[in-house]
Every structure is written in structure tokens, then in C-alpha cells.
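Good morning, and thank you for joining. I should like to take a few minutes to present the protein–DNA contacts in one model.

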There are 2 protein chains.
Amino acid sequence: MPVGASPDLLKKLDELVYVRRRLKSGTILYHTGSHFHALFAVKSGFVKTENLHDDGRVQISGFYMAGEIFGFDGIATDEHMCTSVALEDSEICIIPLDRIEHIGHELEQLQHHFYKLMSREIVRDHTIMMLLGSMHGEERLAAFMLNLSQRFQLRGYSPYNLVLRMKREEIGSYLGMKVETVSRIFSKFQEQGLLEVHQKNIRILNIEGLRKLIGQHPSK
Amino acid sequence: MPVGASPDLLKKLDELVYVRRRLKSGTILYHTGSHFHALFAVKSGFVKTENLHDDGRVQISGFYMAGEIFGFDGIATDEHMCTSVALEDSEICIIPLDRIEHIGHELEQLQHHFYKLMSREIVRDHTIMMLLGSMHGEERLAAFMLNLSQRFQLRGYSPYNLVLRMKREEIGSYLGMKVETVSRIFSKFQEQGLLEVHQKNIRILNIEGLRKLIGQHPSK
DNA sequence: CGGCATCTTGAGTTGGGTCAATGGTCGTGG
DNA sequence: CCACGACCATTGACCCAACTCAAGATGCCG
């Protein structure tokens with residue numbers, strides 16, 4: 001699920017960075033319809049991207065943490081097709097696409113790296129589609145926690161003590177369920193000794209238990 | 001939702017095509033884990049891509065018709081992350097990625113075209129996520145029919161008389177619901193005079209009605 | 001300390017799943 | 001040309017996971 005970048009690539013990215021920018025929590029970086037001019041790399045903090053439907057429904061399509069890149073949605077039509085919002089005070093790097101394409105022209109490997117990044121985003125999306133299309137609530141939340149845990153570890157944080165940056169409602173939107181359901185499942189996981197939940201602080205007590213949960217009800 | 005290519009691009013693609021290949025209905029073109037070596041353009045016919053979970057669950061992640069390109073899932077790790085299957089006798093073109101990258105090196109516009117194609121796939125996936133995460137069965141099927149209609153039109157077929165190439169079960173897998181539910185909703189749409197359903201032949205009688213259906217139950 | 005947002009929990013409802021039976025359609029072989 | 005069998009689609013009856021509505025609980029910030 002994570003869309004990350006190797007340290008190697010990150011070094012090269014430094015040459016691409018146009019500006020760094022600080023975002024207050026809640027800041028909208030771009031929204032649906034705004035002109036695409038660059039990709040964004042999360043330097044620190046947490047960002048969500050969400051798709052808004054006319055009738056007011058919202059679907060969160062991604063959460064991005066330090067080291068991850070987002071904004072690929074804007075390349076197709078030169079207009080962003082979703083909205084990105086900082087979930088906490090964050091710092092992001094702005095990477096104009098034409099610069100990638102230009103430097104990629106000289107540095108064939110960089111071009112390939114960017115194809116890989118986009119492909120990874122596609123694979124990640126397919127994972128979410130699998131989750132939304134064929135898993136039960138408990139499996140979805142378990143998969144989500146495991147994914148976060150893995151990404152935290154990748155970024156040098158503990159894979160067991162997570163601090164969620166999003167609220168329950170946002171988790172629900174991402175996983176295709178209502179706040180109440182998210183809350184109930186958290187409680188259930190706690191009763192089962194899988195997690196310890198204190199607000200946004202989650203401690204994973206039984207990671208194997210979470211793993212085994214997925215694929216338990218191969219019904220749906 | 002569609003991932004297509006402009007006629008302009010298609011012309012350039014001709015230079016990239018390595019081989020054409022005929023596929024019998026049911027042929028697997030690549031499967032999860034197989035080595036990635038090329039992208040594929042549908043010349044004629046119909047192809048699906050599906051993600052398989054260990055426990056046997058299947059999630060169809062895309063349907064591709066003439067003029068559309070698939071296989072981007074393999075770029076991330078040089079291994080395909082899903083399985084592609086021909087839904088009817090089809091003809092496809094094989095486009096090695098290194099050739100794209102090479103020619104793209106000379107022809108900057110081509111490189112940009114490919115970024116656009118991948119971005120379009122990402123945007124399409126987000127649409128499906130929205131559908132799976134926040135729509136009811138009826139809305140999903142309505143959105144699916146409208147999307148197919150639009151793609152048929154784009155390829156020069158009637159947008160009203162559709163011949164489905166996939167079975168109900170596959171529609172269900174794509175839309176995150178069971179065969180029976182797909183069938184029930186088709187029947188309901190027919191009763192309401194929105195569609196005329198004869199097996200895989202669907203006639204759209206009231207396209208506006210279908211559109212209005214989406215966003216009707218902004219609940220979920 | 002008060003006010004507001006977020007989170008949790010309970011009770012009742014329902015959309016869509018499960019299971020089971022029936023009905024069509026098509027391809028094959030007698 | 002018709003009969004058989006395999007596969008696919010439809011329909012009905014029943015059930016359950018997740019939704020809705022409503023009430024509290026908890027935590028955060030001025």
C-alpha cells in the first residue's frame with residue numbers, strides 16, 4: 001500500500017525540489033479542478049487525498065506520510081482529480097513534473113524510478129479495491145493497521161506503537177465504513193487482546209493475530 | 001474510468017509494438033508473480049485483470065477494451081501484481097517498457113503521454129474506490145453501465161446497445177457484490193424501464209434515469 | 001471550568017449476502 | 001434435428017453485518 005521512495009531516489013529528488021512549503025494542519029494543498037503543476041513529497045507530517053462526489057459523499061483515496069509522494073492524479077488532464085489536505089502540521093516538497101521529465105531525459109534511471117512510483121500507486125489502489133470489494137469490516141481494519149505498522153517501521157518508527165494522525169471518521173471513509181463501525185471494531189480488537197487503544201494511540205499487541213484475521217471469513 | 005489512448009498516440013505506439021498476439025478466450029496473458037517485460041494494448045476483444053487473495057477471493061480490478069492499455073501493475077517490482085485474462089478471443093499488442101523509455105528519450109512528448117496514461121489509470125482506480133467505498137448496489141451498477149456506454153461510444157460503437165463480454169459474476173467481482181445481487185438489480189432496472197436486458201445484450205432506455213440514480217441515496 | 005468536537009455504546013432497521021431451486025442458452029453427439 | 005448436459009442467470013426465503021438514530025463519555029482548548 002505505501003508509495004515510498006528509496007533513499008537513493010530521495011537524494012536525486014533533492015535536485016528536483018522546487019520549493020519546500022510548510023502546511024498548517026487542515027490546509028488544502030490542491031483541490032479537484034485546480035491546475036496541476038507539480039507532484040508533492042511529504043517531508044514530515046501527514047496528508048490525505050480525498051475524492052468528493054457532487055452529492056457530498058467523500059472517499060479518502062490515500063494517506064501519505066514522510067517519504068511518500070502524491071499528486072499523480074493531476075497528470076492525466078493537467079487538473080487535479082482529488083483534494084489533498086494536511087492532517088497535521090506538515091512540510092512538503094514541490095516537484096514540478098516538467099523538471100522530472102527534463103532531468104529524466106538525461107538521467108534514464110530517474111525516469112524509470114518515476115514509472116515505478118506511479119506503478120506502485122496503481123498496485124496500492126488495487127489493494128484497496130480488493131479490501132473494499134471483498135473484505136469484511138474486521139479484515140479491513142486489520143489490513144489497515146498492518147499496513148500502517150509496516151509503513152511506520154519503514155520510516156524508522158516503532159511498528160507497534162502507532163500514533164494515528166487521522167480521525168475515526170477518516171479511517172471509515174478510507175475503508176468504506178461508518179465511524180461507529182470503526183469504533184466498534186477497535187473495541188472488539190481491544191477485547192480480543194489484539195490492540196490497546198487510547199484515542200489516537202494504538203499499541204499492537206498481537207500482530208500475528210491481526211494477520212490471521214485476514215482471510216478468516218473468505219465468504220463475501 | 002477508461003484508460004484509453006488518443007488516435008495520435010496510437011500512431012506513435014505502432015513504432016513501439018514488438019509483437020501482436022492472438023488470444024483465445026480464457027487465455028491468461030500473465031499472472032501474479034510472473035516477470036514483467038511489457039505493457040499490453042488491446043487491439044480487439046476484451047480483457048480483465050484480477051487480483052487473487054490467498055484465501056481464494058478474487059477482485060477484478062479492471063476491464064479493458066480495444067484501444068486501452070494495461071499491465072502498469074508490473075512496473076513497480078518487475079513482477080506482475082495481478083492476473084490478466086482474455087474474456088473473448090482477442091488480439092493484443094505487446095509493448096516492451098524499455099522501448100517506451102528509450103523512444104521516450106528522444107520523443108519527449110511520448111514520455112509525457114505515458115505519464116498521462118498511468119495517471120489516468122490511477123484516477124480510474126480512485127473512481128472505483130469511491131464506488132466501492134461509498135455507493136449502494138444500484139448506484140454501482142448504474143455507474144458501471146454509464147461507464148461502459150461511454151467507452152463503447154468512444155470506440156465507435158452505439159452507446160445504447162451494449163454487448164457485455166463479462167458474466168454477471170465478473171461484474172459482481174468488479175463492483176464488490178454477489179452474482180445474485182447483480183442479477184436482482186438488472187431486473188429492477190428493467191422493471192423501472194431504465195434498461196432492457198437480454199442475457200449479455202443490454203439496451204439502455206433511459207440514460208438520464210441512470211445518471212439521476214447516482215447520488216440518490218447520499219447516505220452511506 | 002465550560003464548550004465543542006470526537007469517540008463510544010446501545011437499540012432497532014435494512015441492504016445485500018447465503019442457500020436453494022428453477023429457468024435459459026448453447027454446444028455436442030446420437 | 002432433437003436431446004442431453006454444462007454452465008450461466010434469475011428468483012425466492014431467510015439471515016446477518018453494517019447502517020441509522022440517539023444518548024453519553026471523553027478529551028481538548030480557550
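**Contacts to the two DNA strands**

Let me begin with the elements that meet DNA strand D: helix 6 of chain A and helix 6 of chain B each supply at least two residues of the surface near this strand. I should say at once that this is a predicted model.

Which helix gives the largest share of the surface near DNA strand D? That is helix 6 of chain B, with 4 residues. In total, 18 residues surround DNA strand D, and the closest are Gly137(A), Thr181(A), Arg168(B), Ser183(B) and Ser187(B). Of the atoms of DNA strand D that come within 4 Å of the protein, sugar and phosphate account for 67%. By residue type, the surface near DNA strand D divides into 1 nonpolar, 8 polar and 9 charged residues.

Turning to individual contacts, Ser183(B) places an N or O atom of its side chain 2.7 Å from a phosphate oxygen of DNA strand D. Lys178(A) approaches a phosphate oxygen of that strand through a polar backbone atom, at 3.4 Å. A base is contacted as well: a side-chain N or O atom of Arg184(A) is 3.0 Å from a base oxygen of DNA strand D.

I now move to DNA strand C. Here 19 residues surround the strand, and Lys167(A), Ser183(A), Ser187(A), Gly137(B) and Thr181(B) are the closest. Sugar and phosphate make up 67% of the atoms of DNA strand C within 4 Å of the protein. The surface near DNA strand C is formed by 1 nonpolar, 9 polar and 9 charged residues.

Which elements supply at least two residues each to the surface near DNA strand C? They are helix 6 of chain A and helix 6 of chain B, each spanning residues 179-191. For this strand, the largest share, 4 residues, comes from helix 6 of chain A.

What do the individual contacts to DNA strand C look like? At the backbone of the DNA, a polar side-chain atom of Lys167(A) lies 2.7 Å from a phosphate oxygen. At the bases, the side chain of Arg184(A) has an N or O atom 2.9 Å from a base nitrogen of DNA strand C. Glu180(B) likewise has a side-chain N or O atom 3.2 Å from a base nitrogen of DNA strand C.

I would close by drawing your attention to Arg184(A): its side chain contacts a base nitrogen of DNA strand C and a base oxygen of DNA strand D. Thank you.

Note on methods. Residues are numbered from 1 along each chain as its sequence is written. Chains are lettered from A and ligands numbered from 1 in the order in which they are written. This is a predicted model: local features need pLDDT of at least 70, side-chain atom pairs count only at pLDDT 80 or more; totals for chains, interfaces and linings use all residues. Side-chain values use heavy atoms; hydrogens and water are left out. A residue is near a molecule or strand if one of its heavy atoms lies within 4 Å of it. A polar contact is a pair of N or O atoms within 3.5 Å; within protein, one must be able to donate a hydrogen and the other to accept it, and residues adjacent in sequence count only if both atoms are side-chain atoms. Ala, Val, Leu, Ile, Met, Phe, Trp, Tyr, Cys and Pro count as nonpolar, Asp, Glu, Lys and Arg as charged, and the others, Gly among them, as polar.
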